[in-house]
Amino acid sequence: MVVGWREVIDLPDLGLAGMHAKIDTGARTTALHAHRIRTFEDKGIRWVEFLPPHTGAGKTALCRCPIHDERDIKNTSGIPEKRIIIRTMLVIAGRYWKIQLSLTNRSNMSHPIIIGRSAIRRHNLLVDTGRSFSSGHPQHLPQHDAAPSL
């Protein structure tokens, strides 16, 4: 399947639909714009709470997810910064699978989410850098439960 360098994606576990994403094979990690990031522990499990980007589909709701990992990731300037990693469902080109994504401030970037190569590796996607929004809008899936099983 061929996708463009920009595509419309959904993150149904987070209640985010119709997001314009940049597909960047030069970036390893997927990064989502988030603000008011707060971590906490509940019953021995580390969680993160954050406000995701506004998608234009109504009021933006607070997201809560189990923390999958924390690691240093280089920002666009090449400077490592500690980021929280969550696991969530990605829907692109009518297909869906679990990905890891980091939470960071992308307010100065043109897209609220960048899809890195580790998220699309082994999913038979070819990125055509001369195309945009080639896959159309993904099919909407029912919201998945954001329980600790993520």
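**Strands, pairings and buried residues in a predicted model**

Q: Which residue takes a positive phi in the hairpin of β7 and β8?
A: In this predicted model, β7 and β8 form a hairpin with five residues between the strands. The phi in question is near 85 degrees, and the residue that takes it is G78.

Q: How many bridges pair strand β7 with β8?
A: Strand β7 covers residues 69-74, and I73 stands opposite E81 in β8. The two strands pair in the antiparallel sense. The number of bridges over which they do so is six.

Q: What pattern does the protein follow when read along the sequence?
A: The protein has one helix and 11 strands. Read from start to end, the order of these elements is β-β-β-β-β-β-β-β-β-β-α-β.

Q: In which order do the three strands of the open sheet stand?
A: The pairing in this open sheet is antiparallel. β4 (35-42) and β6 (63-66) each have a single partner strand and stand at the edges, so one side of each is left without a neighbour in the sheet. The twist from one strand to the next averages 25 degrees. The order of the strands is β4-β5-β6.

Q: Which residue of β5 is the bridge partner of T39?
A: β4 and strand β5 (residues 45-51) run antiparallel and are joined by six bridges. Along this pairing, E41 stands opposite R46 in β5. For T39, the bridge partner in β5 is V48.

Q: What is the phi of K43 in the turn between β4 and β5?
A: β4 and β5 form a hairpin with two residues between them. K43 lies in the turn, and its phi is positive, with a value of about 55 degrees.

Q: Which residue of β6 is the bridge partner of V48?
A: V48 of β5 also has a bridge partner in β4, namely T39. On the β6 side, the strands β5 and β6 pair in the antiparallel sense over four bridges. The bridge partner of V48 in β6 is C65.

Q: How many of the seven residues of β5 are buried?
A: β5 is largely enclosed by the rest of the structure. It is described in this way because, of its seven residues, the number buried is five.

Q: How many disulfides does the count come to?
A: The nearest cysteine sulfur to that of C63 belongs to C65 and is 6.0 Å away, whereas a disulfide requires the sulfur atoms to be within 2.5 Å. C65 is likewise in no disulfide. The count of disulfides therefore comes to zero.

Q: What is the relative accessibility of C65?
A: The limit for a buried residue is under 20% relative accessible area. C63, with a relative accessible area of 5%, is therefore buried. C65 counts as buried too, with a relative accessibility of 1%.

Q: Is the aromatic pair of F40 and W47 stacked or edge-to-face?
A: A pair of aromatic rings is described by the distance of the centres and the angle of the planes. For F40 and W47 the distance is 6.5 Å centre to centre, and the angle between the planes is 15 degrees. Planes under 30 degrees apart count as stacked, so the pair of F40 and W47 is stacked.

Q: Does F40 count as buried or partly exposed?
A: Its partner W47, at 13% relative accessibility, counts as buried. F40 has a relative accessibility of 21%, and buried means under 20%. F40 therefore counts as partly exposed.

Q: How far apart are the C-alpha atoms of L90 and I9?
A: L90 lies in strand β8 (residues 80-92) and is buried, because its relative accessibility is 0%. Leaving aside neighbours within four places in sequence, its contacts include I9, Y96, W97 and I115. L90 and I9 are 81 residues apart along the chain, and their C-alpha atoms are separated by 7.1 Å.

Q: What is the relative accessible area of T29?
A: T29 lies in the loop between β2 (16-24) and β3 (30-33). Not counting residues up to four places away in sequence, it touches I73, S102, I114, G116 and S118. T29 is buried, with a relative accessible area of 17%.

Q: What share of the 150 residues in the protein is buried?
A: The accessible surface of the protein comes to about 8,100 Å², of which 47% belongs to carbon and sulfur atoms. Among the 150 residues, the share that is buried comes to 41%.

Key. Residues are numbered from 1 along each chain as its sequence is written. This is a predicted model: local features need pLDDT of at least 70, side-chain atom pairs count only at pLDDT 80 or more; totals for chains, interfaces and linings use all residues. Side-chain values use heavy atoms; hydrogens and water are left out. Buried means under 20% relative accessible area, exposed over 50%, partly exposed in between (1.4 Å probe, protein chains only). Accessible areas come from the Shrake-Rupley method with a 1.4 Å probe; for residues, only the protein chains shown count as cover. Contact means heavy atoms within 4.5 Å. Rings of Phe, Tyr and Trp (its six-membered ring) pair if their centres lie within 6.5 Å; planes under 30 degrees apart count as stacked, over 60 as edge-to-face and the rest as tilted. Two strands pair if DSSP finds at least two bridges between them. Axes are lines fitted to C-alpha atoms, for helices over the stretch in contact, and angles run from 0 to 180 degrees between N-to-C directions.
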